[in-house]
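Colleague: I am new to this structure. Please take a close look at its empty spaces and at what surrounds them.

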Amino acid sequence: MAGGDAVDSGEKRLNELGYKQELRREMTLFKVLAISFSTMTLFTGITPLYGSSLQYAGPASLVWGWVVVCFFTWFVGMAIAEICSSFPATGSLYFWAAHLAGPVWGPLASWCCAWLEAIGLIAAIGSQAYAGSQVLQSIILLCTGTNKGGGYLAPRWLFLVMYLSLTFIWAVLNTFALEVIAFLDVISMWWQVIGGTVIVIMLPLVAKTTQPASYVFMHFETAPEVTGISSSGYAVIMSFLVSQYSLYGYDAAALLTEETNGADKNGPIAILSSIGIIGVFGWAYILALTFSIQDFSYLYDPTNETAGTFVPAQILYDAFHGRYNSSAGAIVLLFVIWASFFFGGLSITTGAARVVYALSRDGGVPISSVWRKIHPTRKVPVNAVWFCAAVCALLGLPILWLDVVFTAIISVATIGWVGSYAVPIFARMVIREEDFRPGPFYLRGASKPVCLVAFLWICYTCSVFLLPTSYPIKMDTLNYAPITLGVVLGLIMLWWVVDARKWFKGPVRNIDEQVDRYGDGNALQQTPLLLRA
């Protein structure tokens, strides 16, 4: 309540849902937008997959693929925004799935949604750590003299050390300095906006030559001799992966609705604004990289200055070295990109820990009594943070033997995180309209068609991330995501059928009476279900 008898519209809707306002409602639209933007991040999706997507079908497919994916992402965003407007309560996907599916199907819906999101977020930490290590590997190589000049290319063991170090640092910061996370998210937003603007403007200007528009927007070229993919349609599908991997995470705005002023209005605005901003900046970043290519075939040459390991780094090097005979500018911009990975990984670790904590609080994780513990003074789910870090570390161990680890990690992250969107969207699509209480953002008659398109797009996205990314299929080219997800999800659903369905009720919050449900004092901690700034 602010000023006299005025009641915040989001708080009023929360009360109508049967929940009492307990968290401080002081987040502004800008701050929520910053957190959502930081979770999506500008560089972290595009940069690591740019090279492989460019190689599959050439620049035209990559450039226009971003536009196509953005178009369908708007359907998912609108569906999520409508649900957020109706249910402005902390817990977002997990909470929505339970309420929209009703008392009969709600427990199963929230079980599936929470586990998918947990798997996706933990894998997303790994994807940030892996890609951040790639950028750091390129920075070290260029700083020590480039591949041609005797520079140091980090071997597998050191790459794994960098991966584990990033994971460890993010866990430490989330353990001891949670109050700083929201501040760092604001820095992250400005870092990406300013840094992205600098790169988008500077890179084509610095490059001695730029590709013609006909090459960027119309040139289609497959590489079956490298990828093993002879089908043009399959190559185009693979080239879209960079866009599909980049355009999710906007639900972060919904995780903070109980702490946001006018959440029933500002939550949807933040979700859709994040998609719009990332959509524009992301396309500009892709165009800047593509226009600045000096020699397409040289980008993948293992004897080039970056050892053919990281295409964006080679594009930056070619531009600055070609103009100034120095790699200093490329190193500075690579650091800007690396910092974006650092901020993104930090935010995702925060969200992942909250999902694990929320699910543990309702008994949905093995040995839940451990993972739901809250630090008595810092009010942080410390054990959940380190649980996420430990699983992420295990995901990275195959780096020592396989080159396809990143493919598996990003596939699991995308399928888990994006797949969790499908549960509440499907429930919204099939619920009777008279049973749905709309918020200020209401699609009216368009709701069902929008949800249908969004649901089908999510199903398609999850499907393509299960496909092989290169042929012939061998141990060192196999996409291990189907095996990993099949085993994990199979065990989770087996647990549901055998036991969990008998007692798991979804996100239960007793707000009228402070009851210690487990006898360990943790139910008294009024920490949000998922994410707290």
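Modeller: One term comes first: partly exposed means a relative accessible area that is neither under 20%, which is buried, nor over 50%, which is exposed. Keep in mind that this is a predicted model.

Start with the largest pocket. Its volume is about 1,400 Å³. It is lined by 43 residues, and Ser-52, Gln-134, Gly-308, Thr-309 and Asp-403 are the closest to its centre. Several helices supply at least two lining residues each, among them helix 4 (92-143), helix 12 (311-324) and helix 16 (405-430). Helix 3 has the largest share, with eight residues. The lining counts 24 nonpolar, 16 polar and three charged residues.

Helix 5 (156-176) also supplies at least two residues of that lining. Val-161 sits in helix 5. Its relative accessible area is 38%, so Val-161 is partly exposed. Val-161 belongs to a nonpolar surface patch of about 740 Å², together with Tyr-152, Trp-157, Leu-394, Leu-397, Leu-400 and Trp-401.

Now the cavities. There are four of 30 Å³ or more. The second largest holds about 90 Å³ of space. Its lining includes Val-69, Thr-73, Gln-244, Tyr-248, Tyr-421 and Trp-457. Eight of the lining residues are nonpolar, three are polar and none is charged. Helix 3, helix 16 and helix 17 (447-464) each give at least two residues here. Helix 3 gives the most, with three. So helix 3 returns: it makes the largest contribution to the lining of the largest pocket and to that of the second largest cavity.

Terms used
Residues numbered from 1 in each chain as written. Predicted model: local features only at pLDDT ≥ 70, side-chain atom pairs only at ≥ 80, totals over all residues. Heavy atoms only, no water. 1 Å grid on protein atoms, 1.4 Å probe; cavity = no way out; pocket = protein on both sides within 12 Å on 5 of 7 lines; lining within 4 Å. Points joined across faces, edges and corners; volume = space filled by probe spheres on them. Helix = DSSP H or I, 4+ residues; strand = E, 2+ residues; numbered from the N terminus. Nonpolar A, V, L, I, M, F, W, Y, C, P; charged D, E, K, R; others polar. Patch = residues over 30% accessible without salt bridge, like charges linked within 9 Å, V, L, I, M, F, W, Y side chains within 5 Å. Areas by Shrake-Rupley, 256 points an atom, 1.4 Å probe, with all protein chains shown as cover. Salt bridge = Lys/Arg side-chain N within 4 Å of Asp/Glu carboxyl O. Buried < 20%, exposed > 50% of the residue type's maximum accessible area, 1.4 Å probe, protein only.
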